[in-house]
There are 2 protein chains.
Amino acid sequence: MIDRIRDIVPEERIFLDLSERYSYSYDASFGEYLPDIVIQPSNSIEIAQLVKMANKYLIPVYPRGAATSLSGGPLPVEGGMVLDLSQLNKKHIIDRENLLAIVSPGVITAEVHKSAEEVGLFYPPDPSSSHVSTIGGNLLENSSGPKGLKYGTTKEYVIGLEVVTPTGEIIRTGGSTVKNVTGYDLTRLIVGSEGTLGIVTEVILRLIPKPKARKTLLASFDNLVDSGRAITRILSSGILPGAMELMDNACIRAVENYQPSGLPLDAQALVIIEVDGHPSAIEEEIKQCEELCYQEKATNVKVAQTEEERAEIWKARKMVSPAITQMGPTKISEDATVPRSKIPEMMERLKQIREKYQLNLVVFGHAGDGNLHPNIITDKRNIEEMKRVEDAVSEIFEAAVSLGGTLSGEHGIGTLKAPYMELELGKEGLLMMKKIKEAWDPNNILNPGKIFPKPGQTKVVLRA
Amino acid sequence: MIDRIRDIVPEERIFLDLSERYSYSYDASFGEYLPDIVIQPSNSIEIAQLVKMANKYLIPVYPRGAATSLSGGPLPVEGGMVLDLSQLNKKHIIDRENLLAIVSPGVITAEVHKSAEEVGLFYPPDPSSSHVSTIGGNLLENSSGPKGLKYGTTKEYVIGLEVVTPTGEIIRTGGSTVKNVTGYDLTRLIVGSEGTLGIVTEVILRLIPKPKARKTLLASFDNLVDSGRAITRILSSGILPGAMELMDNACIRAVENYQPSGLPLDAQALVIIEVDGHPSAIEEEIKQCEELCYQEKATNVKVAQTEEERAEIWKARKMVSPAITQMGPTKISEDATVPRSKIPEMMERLKQIREKYQLNLVVFGHAGDGNLHPNIITDKRNIEEMKRVEDAVSEIFEAAVSLGGTLSGEHGIGTLKAPYMELELGKEGLLMMKKIKEAWDPNNILNPGKIFPKPGQTKVVLRA
């Protein structure tokens, strides 16, 4: 069979050595699964041939970008063939006239930001791994970052795809127009499908004009409920901030501990608000945001007056991930999302979960769109603690769903959340998804072991 | 069987008389098909029971809103059962805190606009039939109107649904959060599915803060290419107008003929540009739009100074539909959409088609998103002319697709465009859609005869 692969892809892009395969056995979640073979295809024709072959010999196929997934998206849980698409990165066109980017899946998301901004355009989705994640992996997980409230999610910017189907056919979905209602929206079905419905080989993204200016503030609150009220007041005043970020007390302490920068250690919540748009509009809006924060009992509001002061504010937010990473060897990063008005209640529940299970749980997130990131810092070798982690994670999911929210706002289901799918979707809802998977991928070749729970599967953290 | 229906729905909401059924035999496209029975269900449980029964006895089910479809969406082409959902309109909640509207499918789209605006919020999608179309029908066709460029399409605002599946199960998709990546995006699959994948029984819409102000201008051009250049210049200057509407010369003449209001009869193109947002921002932006129009050889630019002057400008655009309706008994309204930079080329092709087939063809549309509305005014009783119409329509589709565009930007495929699906999607692309339909609706109960061409079907205008 390896000879057939050599007929499709040249030797130097086929990896069989243990050491090479090992580096494809993990992602940014946890769990390690060794693939049998790793291939770096360089175009959609090679991929289609490989997938056809995989169907013939029933070999699992695992597409992979930069493997920054926090839910196990690219993990080759059933062995088989990893397709490393990070090298499929040659096409990178900005069509200024039609406000489009046409890119290969291996292009780094931050490179799309950069090339768009060079010509005065803007690609809003910005997950925190955007400087390393590929656009292909990014959109298959539909991770979006802080700008979801004002600008929508990644999905809202993907208007066309070239895709290799699970049976090895090359199709095009959508196209180069914002409006397209010709048949079912396969583009949006594939975006967020976590590599289970197709391998994306080309992406057409919609861009928008770059906002001309931005203003940023940092507000401290003694009480989480007050910060929630301030956010709601701002949004119902007609202001739509580009970003509204929230950090809880544990998170503030973690950052200060990692790199002291004068954050208020006794604040129960820090909120970063950024407005963007026309210079005179945002001048007025940021002032109004400041006033509304004070009206809702902010203890301090600092409006950045210079680009340096803005960078200083964002630094605190960007320090969160490194700060908590160094707090322990294993970080469980969740992304339970609730309707925005439920944030204070969800924060309260998270506090109770932290106390009940005696865990190191810090919370930050995108307050504007209700997308919280509760992170548990632990050590996967500590079996006793991991049991508590597992129970805590279950309770986090249950809390989110019971507040009208969702298991995952942007990290995806992958291996880690599969057992909880029915909790949110119900039996019939999950069945409708499975029907699509089975109709498209009758041999279950593409990224098997993801999204759908195995019969009887309940929890996974410990097994990973 | 009728007795079983009476067990599910009370007598007064079941219609069997010919005269009653007749009023459900057409929509805003053309073609007449008499249903065997019409039912007005009042909740999702009744609908689920009716659909289960329909599966048992293999009765076609045709969901129907206000029947403003221009592509035959609700037509009961195989007889059977029409479900009139216009009375399923009781729920109409605006959740100001979470920027959401939760509505029944029978609520009129314009009522959603109204209730949102009453609390300072905004629901951008606005198809021209929004004052009569139901939100359910509106979103199943994914028709969006003039604001697609800046605000995205209807799909971008639908975040959750309650749906009765084709086998009669009640499921919920998505939810109340903008971010949700729990499994496949069934919400966006169902939006735009033209009633073939499920019957929507509740809708959760995302709202945004209402723009504080707006400014509008009307620019005349002697040359279509100049108007295209002006539009591109404006968009690449960093301005994102809320609407950019285009009318060709035939359209201008039609409006002036219908109701004289001083439009320039010799202009080759009229462009309406509206910017919305912060008052001081738009003041500057409209000035810049005016300058850029003149730089690109506009012969005249009129900026509305008052709300009355704005209404006057929009009146010209709103007169288009009534003006062309009275030009002849049959109006064929297309919505071929091309990448925006291809508009001048598409307009040129449309001119050639008009001349080649000697037809009364007027063109207007949403220039910002490339969504044109070529309308042919004809008489369906004139068999000879209808043959020319049919050929002209084929050429319009071919032109759109060959310019990188799509058959349909917002009217849907329905019965009228089904034969052309493969032209745009290719055999394999169409097959992937069909696989979903077959997996979800094994008995082909829900809106059969739509979207997918029958074997050997090539053209439909004459048959309708």
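Domain bounds here come from an automatic or database domain assignment. Keep in mind that this is a predicted model, where local features need pLDDT of at least 70, side-chain atom pairs count only at pLDDT 80 or more, and totals for chains, interfaces and linings use all residues. Residues are numbered from 1 along each chain as its sequence is written, chains are lettered from A and ligands numbered from 1 in the order in which they are written, and side-chain values use heavy atoms, with hydrogens and water left out.

**Exercise 1. Find the domains of chain A and describe how they meet.**

Step 1: Mark the bounds. Domain 1 of chain A covers 1–210 and domain 2 covers 213–402. Taken over C-alpha atoms, their centres are 30 Å apart.

Step 2: Look at the contacts (heavy atoms within 4.5 Å). Domain 1 of chain A brings 10 residues, and these touch 16 residues of domain 2 of chain A.

Step 3: Turn to the buried area, that is, the accessible area (1.4 Å probe) that two parts lose on being put together, summed over both. For the two domains of chain A this comes to about 1,100 Å², with 62% from carbon and sulfur atoms. On the domain 1 side, A:Phe30, A:Leu149 and A:Lys150 lose the most area, together 55% of what that side buries.

Step 4: Check for salt bridges (a side-chain nitrogen of Lys or Arg within 4 Å of a carboxyl oxygen of Asp or Glu). There is 1 salt bridge between domain 1 and domain 2 of chain A. Now zoom in on A:Lys150 and A:Asp276: their side chains meet in a salt bridge, 2.6 Å from N to O.

**Exercise 2. Work out how strand 13 of chain A is placed.**

Step 1: Find the strand. Helices (H or I, at least four residues) and strands (E, at least two) are DSSP runs, numbered from the N terminus. Strand 13 of chain A spans residues 243–248, and 6 of its 6 residues are buried. Buried means under 20% relative accessible area, exposed over 50%, and partly exposed in between (1.4 Å probe, protein chains only).

Step 2: Split the strand by face. In a regular strand, side chains alternate between the two faces of the sheet. Here A:Ala243, A:Glu245 and A:Met247 sit on one side, A:Met244, A:Leu246 and A:Asp248 on the other, and all are buried.

Step 3: Look for the neighbours. Two strands pair if DSSP finds at least two bridges between them. Strand 13 of chain A runs antiparallel to strand 14 (residues 269–277), with 6 bridges joining them; A:Met247 has A:Leu270 as its bridge partner there. Strand 13 of chain A is also antiparallel to strand 17 (residues 360–366), this time with 3 bridges, and A:Leu246 stands opposite A:Gly365.

**Exercise 3. Describe the interface of chain B and chain A.**

Step 1: Take the totals. In contact are 85 residues of chain B and 84 residues of chain A. The two chains bury about 6,900 Å² between them, 61% of it on carbon and sulfur atoms. B:Lys179, B:Val181 and B:Tyr184 supply 15% of the area that chain B buries against chain A, more than any other three residues.

Step 2: Go through the charged pairs. The rule finds 8 salt bridges across this interface. Try B:Asp185 and A:Lys155, whose side chains meet in a salt bridge at 2.8 Å, N to O.

Step 3: See which elements take part. Those giving two or more residues to the side of chain B that touches chain A include helix 8 (224–236), helix 10 (279–295) and helix 15 (421–440). Helix 15 of chain B gives the most, with 12 residues.

**Exercise 4. Compare three salt bridges within the chains.**

Step 1: Start with A:Arg172 and A:Glu162, whose closest N and O atoms are 3.7 Å apart. A:Arg172 lies in strand 9 (residues 170–174) and A:Glu162 in strand 8 (residues 158–164) of chain A, so the pair ties together parts 10 residues apart in sequence. A:Arg172 is partly exposed at 44% relative accessible area, while A:Glu162 is buried at 14%.

Step 2: Move to B:Glu283 and B:Lys215, with closest N and O atoms 3.9 Å apart. B:Glu283 is in helix 10 and B:Lys215 in strand 12 (residues 213–221) of chain B, 68 residues apart.

Step 3: Finish with B:Glu245 and B:Arg317, at 2.6 Å between the closest N and O atoms. This pair links strand 13 (residues 243–248) to helix 11 (residues 307–318) of chain B, 72 residues apart. B:Glu245 is buried at 2% relative accessible area, and B:Arg317 counts as buried at 11%.
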